[in-house]
Amino acid sequence: MSLLFSNMVRRPPLQGETVNGRSLHGGHSTAEIAHAAKCELAEKTLRRFGSLRLRVTGFSMLPSVWPGDLLLIRRQEMEQIYPGDIVLFACYGRLIAHRVVFKTDDPEAPRLITRGDALPSQDSAISPAELLGKVSGILRAGEWIQPPRRLSFGARTVAMLVSRSGRAAGILARLRASRRRPCEHEALCQS
């Protein structure tokens with residue numbers, strides 16, 4: 001992927017162009033390739049500098065984390081992660097932030113089991129190599145908040161509703177956006 005990313009920065013690849021005998025497109029769209037390159041860059045930045053801010057795009061962590069929230073991720077080792085923490089990990093060229101629901105005690109092969117708050121099932125086990133860091137802060141509407149380690153009854157109810165209906169996530173996001181717009185506009189206009 002590094003070679004692909006450097007080729008894309010210099011110039012767009014030509015139709016049918018190959019590098020080391022491999023097709024540059026490999027059946028993937030330009031948007032998919034660009035997204036994978038961004039994920040790789042974010043991963044390398046976090047591993048090298050120890051912290052990173054990422055904007056959320058998905059609904060899997062509702063209501064703890066909303067689309068548009070900015071996450072502050074700090075590099076952490078497996079020993080520093082506990083159930084209830086929200087972690088960032090790499091999976092199939094994507095970056096995912098989900099809550100740790102279980103941590104194995106095996107010192108030779110430690111693993112984390114995660115799940116999005118609004119998802120019905122757990123993710124595959126995460127190895128230390130896939131773990132990138134822990135969410136240490138969430139910037140929402142101009143205010144930093146601590147990520148909740150446990151969901152309240154109301155938050156669990158919202159998460160359960162969203163997990164059973166993809167339509168519910170969209171409705172909630174639109175309602176939240178419509179309620180935020182007037183407040184953001186007022187804040188911009190205040191002197």
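Biologist: Is Arg149 buried, exposed or partly exposed?

Modeller: Arg149 counts as partly exposed, because its relative accessibility is 45%. Partly exposed covers values between 20% and 50%. Keep in mind that this is a predicted model.

Biologist: Where does Arg149 sit in the chain?

Modeller: In a loop. That loop runs between β9 (143–145) and α3 (153–164).

Biologist: And which residues does Arg149 touch, leaving aside neighbours within four places in sequence?

Modeller: Arg149 is in contact with Tyr82, Pro83, Gly84, Asp85 and Arg99. Val100 is 49 residues from Arg149 in sequence, yet their C-alpha atoms are 9.5 Å apart in space.

Biologist: What do the side chains of Asp85 and Arg149 form?

Modeller: They meet in a salt bridge, at 2.3 Å from N to O. Asp85 is in the loop between β4 and β5, and Arg149 is in the loop between β9 and α3, so this pair ties together parts 64 residues apart in sequence.

Biologist: Is Asp85 buried or exposed?

Modeller: Asp85 counts as buried, because its relative accessible area is 3%. The cut-off for buried is under 20%. Arg149, its partner, is partly exposed at 45%.

Biologist: How many salt bridges are there in the whole structure?

Modeller: A search finds six. One of them joins Asp117 and Arg99, with the closest N and O atoms 2.8 Å apart. Asp117 lies in the loop between β7 (112–115) and β8, while Arg99 lies in strand β6 (residues 94–103), so this pair ties together parts 18 residues apart in sequence. Asp117 and Arg99 are both buried.

Biologist: Which residues are joined into one network by salt bridges that share partners?

Modeller: Asp85, Lys134 and Arg149.

Biologist: Now a helix. What does Lys44 form with Glu40?

Modeller: A salt bridge, with the closest N and O atoms 3.1 Å apart. Lys44 and Glu40 are four residues apart in helix α2, which means that about one helical turn separates them.

Biologist: Is Glu40 buried or exposed?

Modeller: Glu40 counts as buried, because its relative accessibility is 17%. Lys44 counts as partly exposed, because its value is 45%.

Biologist: Let's zoom out. How many helices and strands does the protein chain have?

Modeller: Four helices and nine strands. Along the sequence the pattern reads α-β-β-α-β-β-β-β-β-β-β-α-α.

Biologist: What share of the 191 residues is buried?

Modeller: Buried residues make up 35%. There is a number for contacts too. Take those between residues at least 6 apart in sequence: 55% of them join residues at least 24 apart.

Biologist: Which residues have the most contacts inside the largest nonpolar core?

Modeller: That core has 15 residues, and those with the most contacts inside it are Leu46, Val65, Leu71, Ile73, Ile86, Leu88 and Val135. At least two core residues come from each of α2 (30–49), β4 (70–74), β5 (86–91) and β8 (131–140). There is also a second, separate core of nine residues, including Val87, Val100, Leu112 and Leu131.

Biologist: Why might nonpolar side chains be buried together?

Modeller: It is a general tendency for nonpolar side chains in soluble globular proteins.

Biologist: Take Val65. Which residues is Val65 in contact with, neighbours within four places left aside?

Modeller: Val56, Leu71, Ile86, Ile138 and Arg140.

Biologist: What about backbone oddities? What kind of peptide bond joins Leu62 and Pro63?

Modeller: A cis bond, with omega about 0 degrees. Pro63 is in the loop between β3 (51–55) and β4. Most peptide bonds are trans.

Biologist: And is phi of Ala141 positive or negative?

Modeller: Positive, near 55 degrees, and the residue is not glycine. Most residues other than glycine have a negative phi. Ala141 lies in the loop between β8 and β9. Ala141 counts as exposed, because its relative accessibility is 61%.

Biologist: Last topic, pockets. What is the volume of the largest pocket?

Modeller: About 530 Å³. It is lined by 20 residues, and the closest to its centre are Arg55, Val56, Thr57, Leu95 and Ile96. The elements that give two or more residues to the lining are α2, β3 and β6.

Biologist: Which element gives the most to that lining?

Modeller: β6, with five residues.

Terms used
Residues are numbered from 1 along each chain as its sequence is written. This is a predicted model: local features need pLDDT of at least 70, side-chain atom pairs count only at pLDDT 80 or more; totals for chains, interfaces and linings use all residues. Side-chain values use heavy atoms; hydrogens and water are left out. Contact means heavy atoms within 4.5 Å. A nonpolar core is a set of buried Ala, Val, Leu, Ile, Met, Phe, Trp, Tyr and Cys residues joined through side-chain atoms within 4.5 Å. Buried means under 20% relative accessible area, exposed over 50%, partly exposed in between (1.4 Å probe, protein chains only). A salt bridge is a side-chain nitrogen of Lys or Arg within 4 Å of a carboxyl oxygen of Asp or Glu. On a 1 Å grid over the protein atoms alone, a cavity is a set of points where a 1.4 Å probe fits but cannot get out, and a pocket is an open set with protein on both sides within 12 Å along at least five of seven lines; lining residues have an atom within 4 Å of a point. Grid points are joined across faces, edges and corners, and a volume is the space filled by probe spheres set on the points.
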